Amino acid sequence: MINLRRSQDRGHANRGWLDSRFSFSFSDYYDPEHTGFSSLRVINEDRVSPGAGFPPHPHRDMEILTYVLRGTVEHRDSIGNRAVIRPGDVQRMSAGTGITHSEFNPSESEAEHYLQIWIQPDRRGIEPGYEQKHFDETEKRGRLRLIAAPIGSEADALALHQDARVYASMLETGQSVTHAPAPGRKVYVHVIYGHVDVNGTPLFSGDAAKIVDETQVRLEAHERAELLLFDLA
């Protein structure tokens, strides 16, 4: 079964310096039919103006991924991390017992464009942590590249405190990839840009699909596309 979440139906907020689209309920946007999907709680598509950003603010008990599409994100946090995140980089921040961080666009001319993703951890009160990895485009072209996985399971992926796996893919027109979830697993597909058929159902930029009780998820590109696939307990 496939349930669609069209891009134009997402929540939207524009603060001038920040333009955001919300796939799930977030902040002042609330939709009782879209409060999360399994452990996946947030996918925000954010565009941040040059020189602007989020001042220090706290988080608790959440696994937060930042997937940069354009521009540069400058990160600082209360456990001593300072980092620059660029396209191809993915950051994982475990908020755990509590962490404060800021995110700014240091460019004077280029807007930032990134996805911020929240996954609920499998337990509360873990020690806050930080991790960042780069995944080159060549690793994602024509395949599903695992970028995040349960802690201790994959050395070359970000470590999540949850039974969840996140894959990234970049497909050229006519290319396809297939994912076979284990029985009882749920799959969420988010199309970053392009046109992809998911088991024959067309999805376009910003669209998503909630998938349950499917033995196979086939993704076929009808134009150049980039997407994320979440395999969830």
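Is Ile147 in this model buried or exposed? Ile147 is buried, with a relative accessible area of 2%, where buried means under 20% relative accessible area, exposed over 50% and partly exposed in between (1.4 Å probe, protein chains only). The legends below start from the whole chain and then visit individual residues.

This is a predicted model, in which local features need pLDDT of at least 70 and side-chain atom pairs count only at pLDDT 80 or more, while totals for chains, interfaces and linings use all residues. Residues are numbered from 1 along each chain as its sequence is written, and side-chain values use heavy atoms, with hydrogens and water left out.

**Figure 1. Overview of the protein, with one helix and 20 strands.** Helices (H or I, at least four residues) and strands (E, at least two) are DSSP runs, numbered from the N terminus. The radius of gyration is 17 Å, close to the 17 Å that the globule rule gives for 233 residues, so the protein is as compact as a globular protein of that length. That radius is taken over C-alpha atoms, and the globule rule is 2.2 Å times the number of residues to the power 0.38. Along its principal axes, the C-alpha trace spans about 45 × 40 × 40 Å. Buried residues account for 54% of the 233 residues. Of the contacts (heavy atoms within 4.5 Å) between residues at least 6 apart in sequence, 70% join residues at least 24 apart.

**Figure 2. The surface and charges of the protein.** The accessible surface comes to about 10,200 Å², and 45% of it belongs to carbon and sulfur atoms. Areas come from the Shrake-Rupley method with a 1.4 Å probe; for residues, only the protein chains shown count as cover. There are 26 positive and 34 negative side chains, and the centres of the two sets lie 2 Å apart. Here Lys and Arg count as positive and Asp and Glu as negative, with His and the chain ends not counted. Each charge is placed at NZ of Lys, CZ of Arg, CG of Asp or CD of Glu.

**Figure 3. The largest nonpolar core, with 25 residues.** A nonpolar core is a set of buried Ala, Val, Leu, Ile, Met, Phe, Trp, Tyr and Cys residues joined through side-chain atoms within 4.5 Å. Look for Leu40, Ile117, Tyr188, Leu228 and Phe230, which have the most contacts inside this core. Among the elements that give two or more residues to the core are strand S4 (40-48), strand S11 (112-119) and strand S20 (217-232). Leaving aside neighbours within four places in sequence, Ile117 touches Leu40, Val42, Ile43, Glu63, Ile64, Leu65, Leu228 and Phe230. A second, separate core has 21 residues, including Leu146, Tyr167, Leu219 and Ala221.

**Figure 4. Ile147 and its surroundings in strand S13.** Beyond its neighbours within four places in sequence, Ile147 is in contact with Tyr67, Val90, Phe135, Ala157, Leu158, Val166, Tyr167, Ala168 and Leu228. One of these partners, Phe135, is twelve residues from Ile147 in sequence, with 7.6 Å between their C-alpha atoms.

**Figure 5. Glu45, a buried residue of strand S4.** The relative accessibility of Glu45 is 7%. Apart from neighbours within four places in sequence, the contacts of Glu45 are Arg10, Asp19, Ser20, Arg21, His113, Tyr114 and Leu115. For a wider frame, Thr97 is 52 residues from Glu45 in sequence and 26 Å away, C-alpha to C-alpha.

**Figure 6. Ser49 in the loop between S4 and strand S5 (53-59).** Ser49 counts as partly exposed, at 27% relative accessibility. With neighbours within four places in sequence set aside, Ser49 is in contact with Gly16, Trp17 and Asn105. The C-alpha atoms of Ser49 and Ala111 are separated by 4.7 Å, although the two residues are 62 apart along the chain.

**Figure 7. Three exposed loop residues: Ser27, Asp213 and Gly200.** Ser27 belongs to the loop between strand S3 (18-22) and S4, and its relative accessibility is 52%. Though not a glycine, Ser27 has a positive phi of about 55 degrees. Asp213 is found in the loop between strand S19 (208-211) and S20, at 71% relative accessibility. Phi of Asp213 is also positive, near 60 degrees, in a residue other than glycine. Gly200 sits in the loop between strand S17 (186-198) and strand S18 (201-204), with a relative accessible area of 56%. From Gly200 to Ala233, 33 residues apart along the chain, the C-alpha separation is 24 Å.
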